[in-house]
Each structure stands twice: as C-alpha cells, then as structure tokens.
Amino acid sequence: MFGVQTKIYTRAEQLPAVEENSFFHSRLLFSICSSTLRMKPYMVVCTDAEGNVVSHLLANVRYRTSFLPPFLFMQCRVVGEGIYVESEFRKDELFGEMLTALTHRMNKKTLYIEFSNLSQKMFGYKQFRQNNYFPVHWMSIHNSLHSKTPEERITEKMMRRIENAYARGVTCQTVETQDDLKAFNKLLRQHHWLKPKRYIPDEQFFIKLRDTSQCQLFVTKFHNHVIGCSACVYSGTDAYLWYTAYRRKTYISLHPDAVTIWHAIKYAHEQGYDHINFLDVGLPFQKNPYREFILRFGGKPVSTYRWFSCSIRWINAVLKFIYKD
C-alpha cells in the first residue's frame, strides 16, 4: 500500500514503540512467548512515511505434535485483528497489508495459519479471500457484567449446584504457591492430552503470565486437592477465560467445572470488567455440550468466523471448497 511500510519483528529488543491497549497484541505477550519453549512470536508492524506506527499485529507460532502424520508441525495463531491508531489509512487496508506479509512469511514455515476472535464476523472478509484463507463457522460467547450482576444471569439450577459445592467445602483461590502452580499445570495437561485441537503451552508460559498484572491463575480445591483450574487474562475493559480444566468425572457431585467457571466470572465482575469472553467455545454444532454448559451462566452466543490457511496448496484448495461460504 502506498505510503505504508510493513515489517515483521522476531526479537523483543528490536520492536518499535507500539500501543498496549490489547494484551493479545502487546509487547508483554511477545516477551512471554519468546521466552517460552516451543513458541516463537512474530510482530507485524505498519509504519507511515514518517516512521510512525499506524498498526501492528502479534502472531504466535507454536511447535506441536500429533498422533497422525505429520507428527511434528508448526501452527501460527492470531487472536484478534491487531491494533490500529488514528491515521489517514483505512483499517481494512492496513489489515490487508499485515495479513499479506504474515501469510507470505508463515506459509514457508508453518502447516497452517489460524485467525480467531475477530471483533466482527465480516472483518477482513475481502482481505482473507484475497490471501486464499477459508472461513469456518464458529461460536463465540460472552457474559455482560455491567448491566446485571452474574447472580441475575445464571440459571437457578446452576446456582444451586454451585452453592451446594461451596457448602460441602469446595473453595476457589488464586495460585499463590509453587505447589498450587505445579497442580495447576498437571491438571491442565491431564485434562487436554487427548484433545488434539487444544494446545497447552509449557509451564514457563503460565509462570510468566502469573507474574504480570494482566492475568490471574485460579485453582478450585476440595480438602486441599486441586479439582479445577482456570487462567484469565484482562485486556482493556474485558476479561478473557483462556484455559480451563477440571476433574469433572472424579468429583461429579461437586461440579468442579461449574464452580471454576463461576469463580472466574465473579472475580471479573468484582474487578469492574464490562464483559468476560470465553475463548474456544467451539464449532456451532446443533448439539454442543460445552456451549450449552457455558450458556447456563447467562452468556450471549454470537456466530462468527475463524479463518484458516494451509500451506499445502492442494489441501487448502480442498478445504476452501468444503468450507465455501
């Protein structure tokens, strides 16, 4: 685009000064990812003729394993559409510049690229299509925390389950000790190890997250045993429930899943956040147990897109045909 220069940075010390109003595209998350095993961040930055940053976008490459070939591969994940400052350039044009540069760079390195949690369903539609991405219908859920209290939104049945669990001795707290952190990581990995879509970072990622002011790690306990955990990040006026795990089958009568989610919602409300967003709710199947579970807390479902691009051209072409919109 005329008047704009696009550059991709991979080293924190080389990054220019950028806006920090989104955690998912911040220097802080860039630094955390760069110091975590099996992760490598890429910051795409657009500058004007005077060298002023007009937009930037953080992508994170994760090194992953699978039970099926290829057994080891790299995936690029972007959460949101990036940050844009007021300038003479249009937001969609800047996004197109960053998307093209990132796609050209990542198609040589990764198996596929994924864009999720865009602010609007149709954002970047033209630019994604021009770069050979295909859309997959997805479900997004968020709870409003500013107009009504969480107690006014949750179903009565769910509230009774939570109150019963508290009465029997279930507690929730932030991760404060090394033992709690170790139990948090162990439960998170055990809960997700048979779920190929879910990527769990190295424990160093959560250690560094805990040390920031924009994240809280929670554990749910029963008789000093950790039966649930969650990781929430806070960006702007919103909270984001990023990772969750619970021993639901072992402690089915205590409903550790409900108590863990409820504590994250209550904490976000008490801290004055406007919304709590549930990341990775899943595909909008007619029957989706996790989606129905989350909706019982009074959330609002929104249909959206996730955009994907596979570096293997013939596979990408087949997937574009299957998911043509």
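Which side chain does Glu-151 meet in a salt bridge? Select Glu-151 and look for Lys-266: their side chains meet in a salt bridge, at 2.6 Å from N to O. Glu-151 sits in helix H4 (residues 150-153) and Lys-266 in helix H8 (residues 256-270), so this pair ties together parts that are 115 residues apart in sequence. Glu-151 is partly exposed, at 38% relative accessible area. Keep in mind that the model on screen is predicted.

**Stop 1: more charged pairs**

Side chains of opposite charge can pair when their charged atoms come close. This model has 10 salt bridges by the rule applied here. Next, select Arg-77, Glu-114 and Arg-306. Salt bridges with shared partners join these residues into one network.

Now go to Arg-11 and Glu-13. Their side chains form a salt bridge, 2.6 Å from N to O. Colour the two by accessibility. Arg-11 is partly exposed, with 46% relative accessibility. Glu-13 is exposed, at 56%. The cut-off for exposed is over 50%, so Glu-13 passes it.

Move to Arg-90 and Asp-92. They form a salt bridge too, with the closest N and O atoms 2.6 Å apart. Arg-90 is partly exposed at 48% relative accessible area. Asp-92 is partly exposed as well, at 26%.

**Stop 2: inside helix H8**

Return to helix H8 and select Ala-268, which lies in that helix. Is Ala-268 buried or exposed? Ala-268 counts as buried, because its relative accessibility is 0% and the cut-off for buried is under 20%.

Show what surrounds Ala-268. Setting aside neighbours within four places in sequence, Ala-268 is in contact with Leu-145, Ala-239, Tyr-273 and Ile-276. Then draw a distance to Leu-241. The C-alpha atoms of Ala-268 and Leu-241 are 9.8 Å apart, with their positions 27 residues apart along the chain.

**Stop 3: two packed helices**

Two packed helices are described by the angle between their axes and the distance between the axes. Select residues 27-34 for helix H1 and residues 203-210 for helix H7. These helices pack at an angle of about 145 degrees, and their axes are 9 Å apart. The crossing of H1 and H7 is right-handed.

Show side chains at the junction. From H1, pick Leu-29, Ile-32 and Cys-33; from H7, pick Phe-205, Lys-208 and Leu-209. These are the residues that meet.

**Stop 4: Pro-41 and Thr-10**

Select Pro-41 in strand E2 (residues 39-47). Pro-41 is buried, at 2% relative accessible area. Leaving out residues up to four places away in sequence, Pro-41 touches Tyr-9, Thr-10, Phe-30, Cys-33, Ser-34, Leu-58, Ala-59 and Asn-60. Cys-33 is a residue you just saw in H1, where H1 meets H7. For a distance check, pick His-56: its C-alpha atom is 13 Å from that of Pro-41, and the two are 15 residues apart along the chain.

Step across to Thr-10, one of the residues that Pro-41 touches. Where is Thr-10 found? Thr-10 is in the loop between strand E1 (5-9) and H1. Thr-10 is partly exposed, at 25% relative accessible area. Apart from neighbours within four places in sequence, the contacts of Thr-10 are Phe-30, Lys-40, Pro-41, Tyr-42 and Arg-105. Now pick Lys-300. Thr-10 and Lys-300 are 37 Å apart, C-alpha to C-alpha, and 290 residues apart in sequence.

**Stop 5: two positive phi angles**

Most residues other than glycine have a negative phi. Select Arg-38 in the loop between H1 and E2. Its phi is positive, near 60 degrees. Arg-38 is partly exposed, at 44% relative accessible area.

Then select Asn-117 in the loop between strand E6 (112-116) and helix H3 (125-130). Asn-117 is not a glycine, yet its phi is positive at about 55 degrees. Asn-117 is partly exposed, with 28% relative accessible area.

**Stop 6: a nonpolar surface patch**

Finish on the surface. Which residues form a nonpolar patch there? Select Ile-312, Trp-314, Val-318, Phe-321, Ile-322 and Tyr-323. Together they have about 640 Å² of accessible area. Zoom in on Val-318, in helix H10 (residues 313-322). Val-318 is partly exposed, at 39% relative accessibility. Patch members need over 30%, so Val-318 meets that cut-off.

Technical notes. Residues numbered from 1 in each chain as written. Predicted model: local features only at pLDDT ≥ 70, side-chain atom pairs only at ≥ 80, totals over all residues. Heavy atoms only, no water. Patch = residues over 30% accessible without salt bridge, like charges linked within 9 Å, V, L, I, M, F, W, Y side chains within 5 Å. Areas by Shrake-Rupley, 256 points an atom, 1.4 Å probe, with all protein chains shown as cover. Salt bridge = Lys/Arg side-chain N within 4 Å of Asp/Glu carboxyl O. Helix = DSSP H or I, 4+ residues; strand = E, 2+ residues; numbered from the N terminus. Buried < 20%, exposed > 50% of the residue type's maximum accessible area, 1.4 Å probe, protein only. Axes fitted to C-alpha atoms, helices over the stretch in contact; angles between N-to-C directions. Left-handed = near helix turned anticlockwise from the far one by under 90°. Contact = heavy atoms within 4.5 Å.
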